[in-house]
Amino acid sequence: MDLQLTGRRILITGASSGIGLATARMLAEEGARLALCARDEQRLRAATADLAEITDVLTASCDVTDRASVDTFVGQATDRFGGLDGLVCNAGRSLMRTLDETTDEEIRDEFDLKIFGALNLVRATRKALADSGVGSIVIVNAILSRQPELRLAATAAARAALLNLSRSLAGDLADDGIRVNSVLLGLIDTGQWQRRYTEADSGVDFDAWSAEIARDRGIALGRFGTADELAFPITTLLSPRNSYMTGASLDVGGGVHRYV
Ligand code: NDP
């Protein structure tokens, strides 16, 4: 099937590792042109060097919580490609703490990253995406937005706010012909979890360690997902062939049983 992504201009935040990087790779294989950012530009360049051999790639350092930094990056991308057709708001992390262990400042930082980490990009890209005629925004969020966990209290609250905001954005941007959808992740084997595995020093290999966590969290498939398993739904949401889908949220969590 032709996803009609050849030559499309897609901007991805947090593209130096994990889901952002896997999505960039899949889109490059589909023939899309890419504007990629992360804060550490050196790491981003090293991670994406091979993509430049396949397609036109712009890399830049950008902190998504800093509106000026976002405006500069989006300006570079639209200058380079003459517009934009898609945006993937993916940059982020989670804060593994209970509420008692979390300071007010850390809670504000979580909301800043989740809300403005998406909103800054949406505002900066809106005109270009409207001009595209097939503009599509994918917001990478988590099942945690619907199902809080005590150990991730501030992150869960900020993710719930982002999911709610995504639906408002879908309504606001529909008049401009821009679709907005969310992908809700379960547990995905990326840099975040590799770091936690190393810190846990469990004495078992990653597969055994992560399978135990998957069982504990009630994941039907009994394992973590891979970044590629996320890149595919993100890629298809960006496709102009998905033209009637907006305001939706897609669970990609291996079948999580519990819901609030
Ligand atoms: P990784 O840690 O592998 O990658 C995160 C990426 O985001 C990196 O490129 C990082 O680069 C970038 N980044 C972080 N903060 C900023 C910032 N302020 N501005 C710009 N770039 C930033 O994460 P994953 O691939 O696992 O996660 C991708 C998204 O999915 C994140 O939003 C994460 O919270 C979310 N998620 C992941 C889950 C999982 O199980 N893996 C579960 C639920 C949600 P740099 O540090 O150089 O800026």
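**Exercise 1.** In which loop is Asp201 found? Classify the exposure of Asp201 and describe its backbone phi.

*Solution.* The model under study is predicted.

Step 1. Asp201 lies in the loop between H6 and H7.

Step 2. The relative accessible area of Asp201 is 66%. Exposed means over 50%, and Asp201 is therefore exposed.

Step 3. Phi of Asp201 is positive, about 45°, although the residue is not a glycine. Most residues other than glycine have a negative phi.

Step 4. Gln4 also calls for attention: its phi is near 55°, a positive value in a residue other than glycine. Gln4 is located in the segment before strand S1 (9–13). With a relative accessibility of 35%, Gln4 counts as partly exposed.

**Exercise 2.** Determine how helices H6 and H7 are oriented to each other, and identify the residues that meet.

*Solution.* Step 1. Helix H6 comprises residues 191–200 and helix H7 residues 206–216; they pack at an angle of about 100°, and their axes are 11 Å apart.

Step 2. Angles of 65 to 115 degrees count as roughly perpendicular, so H6 and H7 are roughly perpendicular to each other.

Step 3. On the H6 side the contact involves Trp193, Gln194, Arg196, Tyr197 and Ala200, which meet Phe206, Trp209 and Ile213 in H7.

Step 4. Sorted by class, the residues of the contact of H6 with H7 are 6 nonpolar, 1 polar and 1 charged.

**Exercise 3.** Carry out the corresponding analysis for H4 and H5, including the handedness of the crossing.

*Solution.* Step 1. The axes of H4 (residues 104–132) and H5 (residues 153–174) come within 8 Å and cross at roughly 20°.

Step 2. Angles under 35 degrees count as roughly parallel, which makes H4 roughly parallel to H5.

Step 3. H4 and H5 form a right-handed crossing.

Step 4. Among the H4 residues in the contact are Ile107, Phe111, Ile115, Leu119 and Val122, together with the charged Glu110, Lys114 and Arg126. H5 contributes residues including Ala154, Ala158, Arg159, Leu162, Leu165, Leu169 and Asp172.

Step 5. The contact of H4 with H5 holds 14 nonpolar, 1 polar and 5 charged residues.

**Exercise 4.** Establish the geometry and composition of the contact between H1 and H8.

*Solution.* Step 1. H1 (residues 18–29) and H8 (residues 227–238) pack at an angle of about 55°, and their axes are 8 Å apart.

Step 2. This angle belongs to none of the parallel, antiparallel or perpendicular ranges; H1 and H8 are therefore oblique to each other.

Step 3. The crossing in which H1 passes H8 is right-handed.

Step 4. Gly18, Ile19, Ala22, Thr23, Met26 and Leu27 in H1 take part. Their partners in H8 include Ala227, Asp228, Leu230, Phe232, Ile234 and Leu238.

Step 5. The residues of the contact of H1 with H8 comprise 10 nonpolar, 3 polar and 1 charged.

**Exercise 5.** Why are Cys37 and Cys62 not joined in a disulfide? Give the exposure of each residue.

*Solution.* Step 1. A disulfide is a covalent bond between the sulfur atoms of two cysteines. The cut-off is a sulfur pair within 2.5 Å.

Step 2. The cysteine sulfur closest to that of Cys62 is in Cys37, 4.3 Å away, which is too far for a bond.

Step 3. The count of disulfides comes to 0.

Step 4. Cys37 is buried at a relative accessible area of 0%, and Cys62 is buried at 3%.

**Exercise 6.** Characterise Thr48, Ser243 and Ala248 by location, exposure and spatial relations.

*Solution.* Step 1. Thr48 belongs to helix H2 (residues 41–48). At 3% relative accessibility it counts as buried. Apart from neighbours within four places in sequence, Thr48 is in contact with Ala15, Leu21, Leu36 and Thr59.

Step 2. Ser243 occurs in the loop between H8 and strand S9 (249–252). Its relative accessible area is 56%, and Ser243 is therefore exposed. Ser243 and Ile178 are 65 residues apart in sequence, with a C-alpha to C-alpha distance of 9.6 Å.

Step 3. Ala248 is in the loop between H8 and S9. This residue is partly exposed, at a relative accessible area of 24%. Excluding residues up to four places away in sequence, Ala248 touches Val180, Asn181 and Ser182. The C-alpha atoms of Ala248 and Ser166 are separated by 8.8 Å, the two residues being 82 residues apart along the chain.

Methods. Residues numbered from 1 in each chain as written. Predicted model: local features only at pLDDT ≥ 70, side-chain atom pairs only at ≥ 80, totals over all residues. Heavy atoms only, no water. Axes fitted to C-alpha atoms, helices over the stretch in contact; angles between N-to-C directions. Helix = DSSP H or I, 4+ residues; strand = E, 2+ residues; numbered from the N terminus. Parallel < 35°, antiparallel > 145°, perpendicular 65-115°, else oblique. Left-handed = near helix turned anticlockwise from the far one by under 90°. Contact = heavy atoms within 4.5 Å. Buried < 20%, exposed > 50% of the residue type's maximum accessible area, 1.4 Å probe, protein only.
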